[in-house]
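Got your viewer open? Let's take a walk through this model, one selection at a time.

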Amino acid sequence: MTRSPATPLPPPKARRRLRETAALTQTQLADRVGVTPATVRAWESGRTTPRGRKREAYAKLLKSLAEEETVRAPEPEPEPEPKREPGAKPQPQPPEAKPQPEPEPQPQPEPRPQPQPQPQPVAAPEPVALTPAQAFDALYAFSAPALVRQTFLLTGRREQARESVERAFQAAWEHWPEVARDRDPVGWVRATAYEYALSPWQRLRPRHRHPEPPPADPGDRTLLNTLLRLPPRHRRTLVLYDGVGLDLPETAAETEASTPATANRLLRAREAVAGRLPALADPQVLHRRLAELASNERLRAAEPPTVRRGGERRARLRTRAAIAFTVALIGTTALTVRTAPTHYEPPVSPGQAVRGVPQRVAPGALSDEELELRQKLRDQVQDGPERLSPRLE
């Protein structure tokens, strides 16, 4: 099924200029489009791009604002008349001279047209093609600091947030052809970092047993503790919607949930935060406080070359481990084939007890009859009986 081409939109700065020219606030424009002010703020900053019906409505509204701006353009003012002093008489205008009949021009030979030099077309500057490493470094420098601060809101641990973002960018470097063609590469990296940071296996690491120092500000400490008490799914939904500024469908797509389920998680997370901090019941105030909490922590990300080299080193180790495992498996298989029997040998059936046979009696002392019989046997000639010779009677 083919998709229709998306409606073109002006650049983010032009969107904001059109709204301000029409004297509209972000809240008023959001009500006319049917979204939240945070979504309009994200559209105007360029962090996100509207899609679907919201894009059509937003493009139609911007087009109408541009047309209104064209209509309101000032017309050229007429030239002012010269001022006259009070009491002064108007100066009489000189009478127009009557046109004199001009003499008929004599026919002149037409000059030969001279060839005009044709302007040489100016070649447009060719776009500079970035290498994969340069494109990766640019993406990392643009989004890594913000992603580290956002991940800190999910985990409450500075080192774990930094490591999660680095692992996500290392995975992006391993799959760079796919990430480079992605419509939202920052979203790809953000989803990977969040999955790694909220993994249950993080609790089994020795570093997780030692708590990190909390924020210095008491308000920031209370807000962070409130966020960490939320379930991981609710916490992630709240950070994406009220912290990052994504709209509801984008938040649902990134958390791999339906839109109604995402809305339910968002409402429950807001209720939990407002129950403990009533001052943050307003989404705008909550968004500002989340941004302040993430900005107050001085979190730094590693340099892009360091992250790339770490990812390449990890990939080499995994490749070598896979090769070693494959060689061991091949050797074990060859040894099994070499030592395995080549024909079938039926198993020996277990023994069974034979009944009805008298038990064997151990040897003992001979009786008198047995002794006498043995003596008779010994007294006889061993070579056989004597030859019988006939006798005369």
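Start in the middle of things: the largest nonpolar core has 43 residues. Select Leu 153, Phe 169, Leu 223, Leu 227, Leu 238 and Leu 280, the residues with the most contacts inside this core. Now add the elements that give two or more residues to the core: H5 (132-155), H6 (158-174), H7 (176-181), H8 (185-197), H9 (218-229), H10 (232-244), H12 (259-276) and H13 (283-296), each of them a helix. Which helix gives the largest share? That would be H5, with nine residues. In general, nonpolar side chains tend to be buried together in soluble globular proteins.

There is also a second, separate core, this one of 14 residues. To find it, pick Leu 24, Val 33, Trp 43 and Ala 59, which are among its members.

Before going on, zoom out for a moment. You are looking at a predicted model. The protein's secondary structure comes to 15 helices and zero strands. It has 393 residues, and 28% of them count as buried. Of the contacts with a separation of 6 or more, 70% are between residues 24 or more positions apart.

**Stop one: Leu 223 and Arg 289**

Go back to Leu 223 and show what surrounds it. Setting aside neighbours within four places in sequence, Leu 223 is in contact with Leu 277, Leu 280, Arg 289, Leu 290 and Leu 293. Click on the arginine in that list, Arg 289, which you'll find in helix H13. Is Arg 289 buried or exposed? Its relative accessibility is 16%, and the cut-off for buried is under 20%, so Arg 289 counts as buried. Leaving out residues up to four places away in sequence, Arg 289 touches Gly 219, Asp 220, Leu 223 and Leu 280.

**Stop two: helix H6**

Next, select H6, residues 158-174. With 17 residues at 1.5 Å a residue, H6 should span 24 Å, and its end C-alpha atoms are 25 Å apart, so the two values agree. Colour the helix by burial and you'll see that H6 is mostly covered, with 12 of its 17 residues buried. The buried set includes Ala 161, Val 165, Ala 168, Phe 169 and Trp 173, and also Gln 160, Glu 163 and Glu 166. What do the buried residues of H6 pack against? Show H5, H7, H8 and helix H14 (304-339) to see their partners.

**Stop three: where H10 meets H12**

Two packed helices are described by the angle between their axes and the distance between the axes. Try that on H10 and H12: their axes come within 8 Å and cross at roughly 90 degrees. That makes H10 roughly perpendicular to H12. On the H10 side of the contact, select Arg 233, His 234, Thr 237, Leu 238, Tyr 241 and Asp 242. Their counterparts in H12 are Thr 262, Arg 265, Leu 266, Arg 268, Ala 269, Arg 270 and Val 273. The residues of this contact divide into five nonpolar, three polar and five charged.

Stay with Tyr 241 in H10. Tyr 241 is buried, since its relative accessible area is 9%. Not counting neighbours within four places in sequence, Tyr 241 is in contact with Thr 36, Leu 246, Asp 247, Leu 248, Thr 251, Leu 266 and Arg 270. If you draw a C-alpha distance from Tyr 241 to Thr 262, it comes to 9.8 Å, for two residues 21 apart along the chain.

While H12 is on screen, find Ala 274 in it. Ala 274 is partly exposed, at 22% relative accessible area. Its C-alpha is 9.3 Å from that of Leu 286, with 12 residues' separation in sequence.

**Stop four: two loop residues**

Now look at Ala 23, in the loop between H1 (12-21) and H2 (26-33). Its phi is near 60 degrees, a positive value in a residue other than glycine. Ala 23 is exposed, with 63% relative accessible area.

Then move to the loop between H11 (248-254) and H12, where you'll find Glu 256. Phi of Glu 256 is near 55 degrees, also positive in a residue that isn't glycine. Glu 256 is exposed, at 71% relative accessible area.

**Last stop: helix H15**

Finish by selecting residues 368-379, which form helix H15. Its 12 residues reach 17 Å from first C-alpha to last, close to the expected 16 Å. How many of its residues are buried? The count is zero, and H15 is hardly covered.

Terms used. Residues are numbered from 1 along each chain as its sequence is written. This is a predicted model: local features need pLDDT of at least 70, side-chain atom pairs count only at pLDDT 80 or more; totals for chains, interfaces and linings use all residues. Side-chain values use heavy atoms; hydrogens and water are left out. A nonpolar core is a set of buried Ala, Val, Leu, Ile, Met, Phe, Trp, Tyr and Cys residues joined through side-chain atoms within 4.5 Å. Buried means under 20% relative accessible area, exposed over 50%, partly exposed in between (1.4 Å probe, protein chains only). Helices (H or I, at least four residues) and strands (E, at least two) are DSSP runs, numbered from the N terminus. Contact means heavy atoms within 4.5 Å. The expected span of a helix is 1.5 Å times one less than its number of residues. Axes are lines fitted to C-alpha atoms, for helices over the stretch in contact, and angles run from 0 to 180 degrees between N-to-C directions. Angles under 35 degrees count as roughly parallel, over 145 as roughly antiparallel, 65 to 115 as roughly perpendicular and the rest as oblique. Ala, Val, Leu, Ile, Met, Phe, Trp, Tyr, Cys and Pro count as nonpolar, Asp, Glu, Lys and Arg as charged, and the others, Gly among them, as polar.
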